[in-house]
Amino acid sequence: MNELSAAIYSTLTGGTALTTLLGGSAVYHHKAPDNAPLPYVVFNKQGGGPENSHPDDARDYVYFIRGYAASAKAAGDIDAAVSALLHRKGMTVTGWNCFWLARETDLESEETTPAGVSVYMAGAIYRIRIV
Amino acid sequence: MNEVKLDTRELDKIAGKLNWTRKQIGKRIAFEIESEAKQLAPKQTTALESSHCTVTDDYNGYPAASAAAKAANPKVTTSPIPVPTGNIIANVGPCVDYAEAVEFGHLTRPFRKTSGCQRFVAAHPFLTPAVEHVAQKYNSGAAWKELVE
């Protein structure tokens with residue numbers, strides 16, 4: 001849903017603490033561009049859809065929002081900044097009313113690039129309900 | 001004086017017919033998630049799709065799923081799905097080692113020594129949407145209706 005992706009992007013890039021950690025607005029939908037410099041944030045829709053439980057066209061989505069950085073601490077700091085912006089907070093979604101936004105599942109990983117450099121991920125699944 | 005009456009006859013009928021145990025319903029949900037996730041899994045060799053299985057305290061789908069995944073792609077390695085304990089009724093999911101990277105996205109793997117550049121592979125979720133879809137079926141009552149009719 002484009003409106004929701006735009007809302008997440010705007011909310012994240014509007015957070016001063018997060019953009020300070022990122023050194024700019026390095027927030028990407030689906031995936032970071034090849035060779036994008038660390039750190040950055042990536043978000044994507046992980047699941048969900050129409051609730052179909054009542055006449056309103058309510059939607060229940062889960063988004064995977066995570067930070068990538070050169071150290072576990074930096075990734076964790078980005079994750080915390082994202083959480084501070086989203087968890088149990090309101091969000092403006094054009095044409096919709098966001099009535100629930102909450103962090104649900106924490107995830108983290110470490111991967112090694114072909115150059116042998118470790119890249120750390122820290123993030124979470126966020127449930128977003130709109131109507 | 002206004003009065004609102006709740007007609008519970010339909011609800012009573014449903015409750016009376018609901019002879020399923022918690023374990024039976026839990027297993028049913030697990031197999032539904034397995035089925036949905038298999039349909040949503042990206043398919044190249046079909047190893048990921050085939051590797052989905054459900055494990056309960058009296059059923060273990062792992063050996064067959066592992067064999068099917070290795071038949072589809074002999075290079076894959078698999079890990080057993082844990083047998084549930086305590087209040088958990090079933091564990092369900094893929095058993096190939098790269099499933100998590102497909103579900104959540106990943107950087108290019110070290111063996112792809114091209115230019116040393118860093119590439120990011122987007123997430124291709126299959127298990128989370130399967131869980132969400134099955135949860136929505138039960139939240140909306142559609143699945144409960146199937147259980148009693």
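How many salt bridges does the count come to over all chains? The count is 14 over all chains. I will come back to some of them. Please keep in mind that this is a predicted model.

Let me start with chain A as a whole. Chain A has three helices and six strands. Reading from the N terminus, the order of its elements is α-α-β-β-β-α-β-β-β. The C-alpha trace of chain A spans about 55 × 25 × 25 Å along the principal axes. Its radius of gyration is 15 Å, and this agrees with the value near 14 Å that a compact globule of 131 residues would have. Of the 131 residues in chain A, 48% are buried.

Now to the first helix. Helix α1 of chain A covers residues 2–13, which is 12 residues. From first C-alpha to last, α1(A) reaches 16 Å, close to the 16 Å expected at 1.5 Å a residue. Which residues in α1(A) are buried? They are A:Leu4, A:Ser5, A:Ala7, A:Ile8, A:Thr11 and A:Leu12. These residues lie on the same side of α1(A), because they cover an arc of only 160 degrees around the axis. As background, an α-helix has 3.6 residues a turn, so residues three or four places apart point the same way.

Next, the surface of chain A. A:Phe99, A:Trp100 and A:Val131 make a nonpolar surface patch of about 270 Å². A:Trp100 sits in strand β5 of chain A, residues 96–112. Is A:Trp100 buried or partly exposed? A:Trp100 counts as partly exposed because its relative accessibility is 40%, and the buried class ends at 20%.

Back to the salt bridges. In chain A, the side chains of A:Asp60 and A:Arg127 form one, at 2.8 Å from N to O. This pair links distant parts of the chain: A:Asp60 is in strand β3 (residues 59–69), A:Arg127 is in strand β6 (residues 118–130), and the two are 67 residues apart. Both A:Asp60 and A:Arg127 are buried. They also belong to a network of salt bridges that links A:Asp60, A:Glu104, A:Arg127 and B:Glu132, so the list of members includes a residue of chain B.

In chain B, I would point to B:Lys23. B:Lys23 forms a salt bridge with B:Asp57, with the closest N and O atoms 2.9 Å apart. Here too the pair links distant parts of the chain: B:Lys23 is in helix α2 (residues 22–40), B:Asp57 is in the loop between β1 (52–56) and β2 (59–60), and they are 34 residues apart. B:Lys23 also meets B:Asp58 in a salt bridge, at 3.4 Å from N to O. B:Asp58 lies in the loop between β1 and β2 and B:Lys23 in helix α2, so this pair ties together parts that are 35 residues apart in sequence.

What about the accessibility of these chain B residues? B:Asp57 is exposed, with a relative accessible area of 54%. B:Lys23 is partly exposed at 33% relative accessibility, and B:Asp58 is partly exposed at 48%.

To sum up the salt bridges: A:Asp60 and A:Arg127 are both buried, whereas in chain B, B:Asp57 is exposed and B:Lys23 is partly exposed.

Technical notes. Residues are numbered from 1 along each chain as its sequence is written. Chains are lettered from A and ligands numbered from 1 in the order in which they are written. This is a predicted model: local features need pLDDT of at least 70, side-chain atom pairs count only at pLDDT 80 or more; totals for chains, interfaces and linings use all residues. Side-chain values use heavy atoms; hydrogens and water are left out. Patches are made of residues with over 30% relative accessible area and no salt bridge: like charges are joined within 9 Å, nonpolar side chains (Val, Leu, Ile, Met, Phe, Trp, Tyr) within 5 Å. Accessible areas come from the Shrake-Rupley method with a 1.4 Å probe; for residues, only the protein chains shown count as cover. A salt bridge is a side-chain nitrogen of Lys or Arg within 4 Å of a carboxyl oxygen of Asp or Glu. Helices (H or I, at least four residues) and strands (E, at least two) are DSSP runs, numbered from the N terminus. Buried means under 20% relative accessible area, exposed over 50%, partly exposed in between (1.4 Å probe, protein chains only). The expected span of a helix is 1.5 Å times one less than its number of residues. The arc is that of the directions from the helix axis to the C-beta atoms. The radius of gyration is taken over C-alpha atoms; the globule rule is 2.2 Å times the number of residues to the power 0.38.
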